[in-house]
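Colleague: I should like to go through this model with you step by step. May I put my questions in turn?

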Amino acid sequence: MTRSLVSIEDLHNDEIEAIFELADRFLDEMATTGKPHRVRGRRTLARDFILSTLFYEPSTRTRLSFESAMLRLGGQVISSAEVTSSSAAKGETIADTVRVVENYADVVVIRHSHEGAAQVAADYTDLPVINAGDGGHEHPTQTLCDLYTLRAAHRQKQKNADLSFKDVTIELRGDLKHGRTVHSLVYALARFGARIIPSHAPGCDLPDHVKQRLARDYGCLLLRKQEIQDLADDDFPEFVYVTPEGPHQRTLWTGEEADVWFKLSLDQRQKLREMKSVDFFYATRFQKERHEDGGSGEEYPAIDAAMLKNKRYRQTKVMHPLPRVDELSYDLDEDPRGVYFKQAAYGVPVRMALIASLLELFPSLLSQSREARYPLYSNAQGLRCTNGKCVTRQANEARYVIPKFWIVDETPLTVRCVYCDFEYEPRIVSRGSTKKYTAEIDEWREIYDRSPRDLILYLNEQEAIDAGHQLRRGRKRPTGHRPLSEPLATT
Amino acid sequence: MTRSLVSIEDLHNDEIEAIFELADRFLDEMATTGKPHRVRGRRTLARDFILSTLFYEPSTRTRLSFESAMLRLGGQVISSAEVTSSSAAKGETIADTVRVVENYADVVVIRHSHEGAAQVAADYTDLPVINAGDGGHEHPTQTLCDLYTLRAAHRQKQKNADLSFKDVTIELRGDLKHGRTVHSLVYALARFGARIIPSHAPGCDLPDHVKQRLARDYGCLLLRKQEIQDLADDDFPEFVYVTPEGPHQRTLWTGEEADVWFKLSLDQRQKLREMKSVDFFYATRFQKERHEDGGSGEEYPAIDAAMLKNKRYRQTKVMHPLPRVDELSYDLDEDPRGVYFKQAAYGVPVRMALIASLLELFPSLLSQSREARYPLYSNAQGLRCTNGKCVTRQANEARYVIPKFWIVDETPLTVRCVYCDFEYEPRIVSRGSTKKYTAEIDEWREIYDRSPRDLILYLNEQEAIDAGHQLRRGRKRPTGHRPLSEPLATT
Amino acid sequence: MTRSLVSIEDLHNDEIEAIFELADRFLDEMATTGKPHRVRGRRTLARDFILSTLFYEPSTRTRLSFESAMLRLGGQVISSAEVTSSSAAKGETIADTVRVVENYADVVVIRHSHEGAAQVAADYTDLPVINAGDGGHEHPTQTLCDLYTLRAAHRQKQKNADLSFKDVTIELRGDLKHGRTVHSLVYALARFGARIIPSHAPGCDLPDHVKQRLARDYGCLLLRKQEIQDLADDDFPEFVYVTPEGPHQRTLWTGEEADVWFKLSLDQRQKLREMKSVDFFYATRFQKERHEDGGSGEEYPAIDAAMLKNKRYRQTKVMHPLPRVDELSYDLDEDPRGVYFKQAAYGVPVRMALIASLLELFPSLLSQSREARYPLYSNAQGLRCTNGKCVTRQANEARYVIPKFWIVDETPLTVRCVYCDFEYEPRIVSRGSTKKYTAEIDEWREIYDRSPRDLILYLNEQEAIDAGHQLRRGRKRPTGHRPLSEPLATT
């Protein structure tokens, strides 16, 4: 089975660690004197392989980083820096482009302005696909570089441990709404147990679907200072995302937010009380090209040498995925706490390790199968994603992409677009076989268990009527609620 | 002598077969398990060579296909995806660009929006030049891939034969007017004896100059169903292009079209009577970027699974040069009759074989000389091509390109632009030495035989007068008509 | 110490000769039969290295030339043909881009529309940086190719000599104002002692700062025919730039221009009297994209076969950096005096030799240090360059680039922008420590000698007042003028 990297979720924790160990090895063997973060020279490992970049959005940094990684591995590159002005201009779909390019290359790196585009590419080729950014959705290789940077700094304290950031406090700054790098990152931080302080500019908070996914998928919870007033110092941040330790106890997490504190282990509570300083800043550029709704960040304070004089920040290392504009001052460029250029340098060994893994140059690094976390609902009729930036909403792609949703919760029934992660609560359930709908939403389970393809969901009654379905008459059947015992296979 | 591929005509039939056999060999040795059409790995054959792409029109697919082929051969690539925004924007001509780039590379691949541009490039460099599409004119490497795809399917029936498609029926669909891939293809199909059914969308018929060339160069004739009404089934297509077998009997082919049937051999007539099904569809995209004159194809039926339920099409394999828009449904993507993704895959081994041939990595594949089919007329004064898309009509190129025409017929005198293949019937003949013109058009032959450079042709009297020529007074000399006994050497 | 090539001044004369000898060697070993100027094949010398192009302005020729050179050396390339549409569009500065890309590559080639941009890049990376053109400023690798072409022609006469063009007459034609290739070239010609005849189109004379630098840095003087009327033939050109031989006698050169003749050695005077013909034309394109002020060159005569019938030009070799438009006729393309395509071909071996030198593949070619010619003045306050095209004037770069000036003369005090070479005569001197200014400009020297960082210069009093400085009261101190005895170290 070919493995791709569309979302940071596509890699198990131990796979991420295996990739990082391979990156360590490349650095050990290839870094230059005085620059332990920078790879030099060329291997012959990937001599027989070609990497193709397909960039529908222009990018210098990310594209060159992949190309350098492939060349340093000894491979070759074919590159398309502006697909939009060629194939796409002639109306070619992502599926067709990737099914042609799979004949020219051995691994494909795609950047696209539509959310979920990399998933579509991965669905239609048997080559490994690497998502180099899909709209405001994810940018998982940036996240790998970010995690590797955190780990490199963290290793200094905690040697030879499995990858974990459970004692690490990271403050995310700036535009948390539009920056795809932030979205991929927070999921990973939650997985590895870091404490996350969201410090967004006005109008640039984390999107709701990201917050929902943090809670639902990782059990990451928002702790508000006001709720633990007696326990917190003045210094304690207004908001912290924390992930309770221990087994995955989802059923417990439906209570009030005031309960968050009590879901944490005693050890976690103690460490939070002692939390005096921030270990990392993660600053991001204001993604003006994605802003439709203000949120300019003009009043938002830049990170600079003066800010780092605050006692909470004296030891804070500063990360930034670059490019920066005004949110990060040049006066930290020579400061050892500014690790953002190292972070950029790590892009090469980390991407080398990723490419080598996906091309199976070191065959045992990645497992041969991926289990789906949630059951899948998919039907050409019925519910469609309403996110205007989702790839499934683009006229060209909608001709062949069938909507797919993960069933992420049952009470209330909640589904998540497989492509862009937007979540929905359908209110109407119907059957393809009978075209009779009902608002008895709990009936979905019975239909799904018998024949998943017969199930049709709608957001509301009007949609069902517009699609020619009719209200089902007759007695309401009582439906028992049955928890999802284990994940169902994906199609 | 350096060989180039500007037109599919630049390759003899046996050279095409030799290239295909080399492509077979690459596939035999380099294809992966389960994907016999897809090349993997890298050779070292072309280790010392650099291929340069010069794309004046953007393209992802074709450019990447060439780059992959060169890399798979072990060579290297320098690439210019958008020449128009750099050199050409500064006013550089094709001749200058290619004379500079010949110092940087060993083979040049050019795509350009003007018809004949690749010929100009080939005229001004001693490197092999490959035409990757020149306006609406030709796209000969696509044709090679098309022929290779046809041959791969055909081989299943007829092993080890010389390349021939004389029992093959192919239906061309869609935009036959603007698609350069179709133009290159029909010439090749005629050469190899296929039956061609033109099934164009309204307003998108084959251009007249293509039809003329089909008849003149290959003896390919249009058979109309209405003319053989008694012989044809209801199923018989309205129009079929057929190429009579046997020796090249041009003098016979001046009669009425009703005679076509009787120019065919008895065997051909019998096989046409038995023709019940179409072997191949060749679908093409509506080239909206070249349409000036309607012909949108909006009402034209797409090829889809439903159409292939028609008994004539049940065995029909579907080809498409891609990209597609609406003219070919996604519902055939998994159908074994849809061979268009294989066709795209063949692009790599076929282009590898072509590049290897032109670089003489296998020296005996191509012959060292090409004979011209027709005598050449060329004069800086006099007749100019009137095709607004011809490279000779572009202000920048017209500064140095001297018009050239093949003399393709004598009665009436007919010449064909060497660059774009448009044909003209000059009505006025004059001499550079005397500047005296006459309408006694047959005199051209005598002047040409004595001194080809003295001959000046005009389309009409006004052009001659505008150029300062005067009507020649005196007795009309009788001029005997003498057939062209054999081709004259090109300049 | 990493060496870069930002200006042709960055190479000593003997380093230029060493690079040329290496280029000779590449040609000796790699040129093909019949094409002694054209490199073929690939070495493995640079097998472990990656070259990155960063082109903020589109270019086909120059970019492909570098890429070919790197590939012929056996290296690999990552290429960004249009940085402006990606990183720069997001607001990234040159300093940040180059500090990221230094992790991906081993040598960087940059082209930019702003003057001094390559210097900024070199300031912010520890990789070698090659300037492939920065606005209208310099294009030093073109100059290397030009010098190599001159040398190749000159060698035929004068074997095994050190590089010198002291008996060579070169006539520069066309747009001497906007063509950066000309600016880099005239400095080099002056260094190597050539006679330069400026034959510019109306409105396209050499810029003042170039003329000033010619005189100041190289002692190159303008000799006017009218001033030596008795000595000159009618044929003698109206203007010639000549560089007096012998020791650098700057103090002598402050007299009237009529004295120029008498600054020349007797031998030089004699040879000027005998000068009957021009050895080289150097033609340039009218840089319409940089014209703001007329100077179209439409009336300016093109170099063509007819012009070369003039007896002064019968032996004249014609050079052109290409691309050409109308200033050089196609009728010289086959003429052995037209060496412009050879000049383009030399781009590959010369750039190969340059890259190999900068990557230290032949370690002893370049020296390990560069002495500054002039002392440096640099202060974040005070004088700023007023050239609107200077990189220091661009809002994005001005956030971090501190103005720097070479102190090129003392009487009057004259400084030259390190980035774009524009020169200024500050009239006000102040101190950062006291913020008291004075018009006693000679005081700069005393402040500078004590603490270079305390010195603040202004062009005029208003600038000082606007910056909050106050007029210093008290007695004028007499200040002695002391010549700069030796160059001061750069920061």
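Modeller: Certainly; we begin with a definition: helices (H or I, at least four residues) and strands (E, at least two) are DSSP runs, numbered from the N terminus. Please keep in mind that this is a predicted model.

Colleague: Where in chain B is Lys435(B) found?

Modeller: Strand 17 of chain B covers 428–431 and strand 18 covers 436–438. Lys435(B) is therefore found in the loop between strand 17 and strand 18 of chain B.

Colleague: What is the phi of Lys435(B), and how many other C-beta atoms lie within 10 Å of Lys435(B)?

Modeller: Lys435(B) is a residue other than glycine, yet its phi is positive, near 55°. A residue is buried with 20 or more other C-beta atoms within 10 Å and exposed with 12 or fewer. Lys435(B) is partly exposed, because the number of other C-beta atoms within 10 Å is 15.

Colleague: Asp421(B) also has a positive phi. Is Asp421(B) buried or exposed?

Modeller: Asp421(B) is not a glycine, and its phi is about 75°. Its place is in the loop between strand 15 and strand 16 (423–424) of chain B. Because Asp421(B) has 26 C-beta neighbours inside 10 Å, it counts as buried.

Colleague: Which strands are at the edges of the open sheet in chain B that includes strands 17 and 18?

Modeller: Four strands form this open sheet, in the order 19-17-18-20, and the pairing is mixed. An edge strand pairs on one side only. The edge strands of chain B are strand 19 (455–458) and strand 20 (470–471).

Colleague: Within that sheet, which residue stands opposite Ser430(B)?

Modeller: Strand 17 and strand 18 of chain B run antiparallel and are joined by two bridges. The residue opposite Ser430(B) lies in strand 18 of chain B and is Tyr437(B).

Colleague: Let us turn to strand 3 of chain B. How many of its residues are buried?

Modeller: Both faces of strand 3 of chain B are covered. Ile50(B), Ser52(B) and Leu54(B) are buried on one side, and Leu51(B), Thr53(B) and Phe55(B) are buried on the other. The number of buried residues in strand 3 (residues 50–55) of chain B is six of six.

Colleague: Which residue of strand 4 of chain B stands opposite Ile50(B)?

Modeller: Strand 3 and strand 4 (residues 76–80) of chain B pair in the parallel sense, over five bridges. Opposite Ile50(B), in strand 4 of chain B, stands Gln76(B).

Colleague: Where is the cis peptide bond that leads to Pro412(B)?

Modeller: Pro412(B) lies in the loop between strand 14 (404–410) and strand 15 (413–417) of chain B. The peptide bond in question has omega near -5° and runs from Thr411(B) to Pro412(B).

Colleague: What is the omega of the cis peptide bond from Leu322(C) to Pro323(C)?

Modeller: Pro323(C) has its place in the loop between strand 12 (317–319) and helix 10 (340–358) of chain C. The bond from Leu322(C) to Pro323(C) is cis, with omega near 0°.

Colleague: At which residue does helix 10 of chain C have a kink?

Modeller: Helix 10 of chain C has 19 residues and reaches 27 Å from its first C-alpha to its last, close to the 27 Å expected. The helix is mostly covered, with 18 of its 19 residues buried. The kink is about 30° and lies shortly before the proline Pro349(C), at Gly347(C).

Colleague: Which residue takes a positive phi just after helix 10 of chain C?

Modeller: The phi in question is about 60°. The residue that takes this phi is Glu360(C).

Colleague: Which helix gives the most to the side of chain C that touches chain B?

Modeller: In this interface, 23 residues of chain C are in contact with 23 residues of chain B. Helix 2 (61–72) and helix 10 of chain C each supply at least two residues of that side of chain C. With six residues, the helix that gives the most is helix 2 of chain C.

Colleague: What relates chain C to chain B?

Modeller: A rotation of 120°, with 0.0 Å of shift along its axis, superposes chain C on chain B with an RMSD of 0.0 Å. The two copies are thus related as by a three-fold rotation axis.

Terms used
Residues numbered from 1 in each chain as written. Chains lettered and ligands numbered in written order. Predicted model: local features only at pLDDT ≥ 70, side-chain atom pairs only at ≥ 80, totals over all residues. Least-squares fit on C-alpha atoms with pLDDT ≥ 70 in both. Pairing = 2+ DSSP bridges. Expected span 1.5 Å × (residues − 1). Bend = angle between axes of the 7 residues up to and from the residue. Contact = placed C-beta atoms within 7 Å.
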